[in-house]
Amino acid sequence: MKSLLPIALLPCLLSACAADDTRYPSLARRAVEDADFREPPATTPAPPTSDPALDARIAALLDRLKTVAAGFDRDAAAARRLVAVRGAGTTGSEPWLAAQSALAELDDWRAQTGSIAADADDLGSERAAKLLPPYPVLTAAQGKIAAEVARQGKVLDGLQGN
């Protein structure tokens, strides 16, 4: 009889395990646990299509740059001569005033180059606003314009003694 008591209690114990208790979440596998969270493979972007209107605007910017750079170089040669004149270092003297005027003209040329750089950046911003990929011709033009801005800055700094 004593050995039958555990067998008789077994159905009672098993029914406690089978109770529908919704206070605790199920331990069954959920769909999110099977989801793939790895990075998707990188795709190669399609090459940008040719944009004749943009190409024309870039060409116009580069033409302006060429004109401004030529004017800067012409006036830089004159400014070098004026800065080298004896007395150009004496504040308020006639040679000093002439050298300062020449440097101001060079600064104006550099400002025009900066304006061209801003216009090129605006073209890039317009493309980005339309969610278009970078345009290699524009990127190259922006690099050329930035190099000219840097070159003109070095010339001016050299003439001003910085």
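Thr113 is buried in this predicted model, with a relative accessible area of 0%. That counts as buried because the cut-off is under 20% relative accessible area. So what sits around Thr113? Leaving aside residues up to four places away in sequence, Thr113 touches Leu65, Val68, Ile145, Glu148, Val149 and Gln152.

Thr113 itself belongs to helix H3, which covers residues 94-129. End to end, H3 reaches 52 Å from first C-alpha to last over its 36 residues, close to the 52 Å expected at 1.5 Å a residue. Just after the helix comes Leu131, with a positive phi near 60 degrees.

Thr113 has buried company along H3, including Ala102, Leu106, Trp109, Ile116, Ala117 and Ala120. Ala99, Leu103, Leu123 and Arg127 are buried in H3 as well. An α-helix has 3.6 residues a turn, so residues three or four places apart point the same way. As for what lies over the buried residues of H3, the cover includes helix H2 (52-84) and helix H4 (136-160).

Stepping back to the whole chain, the protein has four helices and zero strands, and along the sequence this reads α-α-α-α. Here are some overall figures:

| Property of the protein | Value |
|---|---|
| Share of the 162 residues that count as buried | 21% |
| Share of contacts with a separation of 6 or more that link residues 24 or more positions apart | 76% |
| Share of the accessible surface that belongs to carbon and sulfur atoms | 62% |

The accessible surface in that last row comes to about 11,800 Å².

Terms used: Residues numbered from 1 in each chain as written. Predicted model: local features only at pLDDT ≥ 70, side-chain atom pairs only at ≥ 80, totals over all residues. Heavy atoms only, no water. Helix = DSSP H or I, 4+ residues; strand = E, 2+ residues; numbered from the N terminus. Buried < 20%, exposed > 50% of the residue type's maximum accessible area, 1.4 Å probe, protein only. Contact = heavy atoms within 4.5 Å. Expected span 1.5 Å × (residues − 1). Areas by Shrake-Rupley, 256 points an atom, 1.4 Å probe, with all protein chains shown as cover.
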